[in-house]
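This report describes one protein chain, going from its overall layout to a few individual residues. The sequence and the structure come first.

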Amino acid sequence: MSFLVLHMDKFKKEAVRGIQSHNRRERESHSNPDIDYARSQGNYELHKKAAKDYTQAIQNRIDDLLLIKAVRKDAVHMCGLIVSSDSVFFQNLSSEDTRRFFEESKAFLTEFVGAENVISAMVHLDEKTPHMHFLHVPVTRDGRLNANKIYTRESLKTLQTELPQYLQSRGFDVQRGVEQEPGAAKKHLDTREFKQQQEAVAQIIQESNERIQNMSFAVQELESRKEALEDRIQQYERQAQEAEQVIREQAVLPQAGIFNYRSVLEQAALIIVELKKALATKKLIKEQNERLQREADTLGKKLAHLNAEHTALKQQSMRDRQNLEARLARVKAVTAGYREFLLQPEIHPLHNAFVERKRAEQLQQRHEAELRRLQQQDAREPKRPLESGSRGMRMR
């Protein structure tokens, strides 16, 4: 007996880029060893209008809503539903039936969330178990961005019940998953969720590092420009000092007369030129200093903002990692406890008997289904009349 796996998660704006990278295999992940990239070309997208840029597609959908209030910074921008089952279930399906399983699941979920809100329906065949990532913008029936109104406890229970029933009506032998008690640790796909969330956080930190590195390059360029500008300023200052020295030495002009008026005039013209040069140089020095200070202040503020943002992202990443590792540890503890329970001397034989009984029931169901198929095939085929053995014989 195979159970349906249906797992829902919510993503804020900063996580969308990482989810896109994971789903579309835009770069190799070092945090998810389960991915066999040699088989990634077998992955396929079921949504015909799948977005190439998740963030832009989500923003376009939000813009279409014409919301009166601005979207909160911590709002959920995208929801993801993972659809899968156990490996035995898929081993009994052909590649065509596997695709049809996910197509039927996608059709049901599209009806639930609204076709205009679907972002992607990517099927991954390059991990241990085939699964589909169904992504959509959480828009309510009355046109609001609100994931909590869409995914309540009651609506999730309805999905968990009605989706397997729908798939059964389409010929798939899959049962409803076991409902968890409120507050219990989740059991389905937490390892994959953990890896996916870590990949998204790592992507955010990498992008932040790239931005800080780019800003560091800008600061280094500014330092180089500053040094070059300081050299030029020193040259201007030397020129100004030389001009002032000339002015001081020649500030007192000799008495002009009929015989020396030409030399006095030339000396006065030289003093005026040097004076203009000194004044122009001092003005240029002042303007260059003010411009340099403005650029330094602007880049300094940007660098401080990016450093603060980077520090916050690292702290959030650490908190997310600790939370996810704690959840994963709880799942492993529950799994280990369940295994120990099954291995108890008084429980193990009962469990084996239960498994054998279920296998026998499945085998009997398959035999009955095959018998019904053969009977229906015989019923559809026209019956041929029996040929008489006396054809062509004469009566004597």
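From the N terminus on, the order of elements in the protein chain is β-α-β-α-β-α-α-β-β-α-α-α-α-α. That makes nine helices and five strands, where helices (H or I, at least four residues) and strands (E, at least two) are DSSP runs numbered from the N terminus. The model is predicted: local features need pLDDT of at least 70 and side-chain atom pairs count only at pLDDT 80 or more, while totals for chains, interfaces and linings use all residues. Residues are numbered from 1 along each chain as its sequence is written, and side-chain values use heavy atoms, with hydrogens and water left out.

Of the 396 residues in the protein chain, 35% are buried. Buried means under 20% relative accessible area, exposed means over 50%, and partly exposed is in between (1.4 Å probe, protein chains only). The table lists four residues with their places and accessibility.

| Residue | Place | Relative accessibility |
|---|---|---|
| Serine 2 | segment before strand S1 (5-12) | 10%, buried |
| Serine 120 | strand S4 (residues 118-124) | 1%, buried |
| Histidine 131 | strand S5 (residues 131-136) | 0%, buried |
| Glutamate 223 | helix H7 (residues 190-249) | 40%, partly exposed |

Two of these residues have polar contacts to describe. A polar contact is a pair of N or O atoms within 3.5 Å; within protein, one must be able to donate a hydrogen and the other to accept it, and residues adjacent in sequence count only if both atoms are side-chain atoms. The side chain of serine 2 is in polar contact with the side chain of aspartate 86, at 3.1 Å. The side chain of histidine 131 reaches the backbone oxygen of threonine 129 at 2.9 Å, and it also makes a polar contact with the side chain of histidine 133 (3.2 Å).

For serine 120, a distance across the chain can be given. Its C-alpha atom is separated by 9.1 Å from that of asparagine 23, although the two residues are 97 residues apart along the chain.

Which residues gather with Glu223 in a patch of negative charge on the surface? They are Glu227, Glu230 and Asp231. Patches are made of residues with over 30% relative accessible area and no salt bridge, with like charges joined within 9 Å. A salt bridge is a side-chain nitrogen of Lys or Arg within 4 Å of a carboxyl oxygen of Asp or Glu. Asp and Glu count as negative, and the place of a charge is taken as CG of Asp or CD of Glu.

Methods
Patch = residues over 30% accessible without salt bridge, like charges linked within 9 Å, V, L, I, M, F, W, Y side chains within 5 Å. Areas by Shrake-Rupley, 256 points an atom, 1.4 Å probe, with all protein chains shown as cover.
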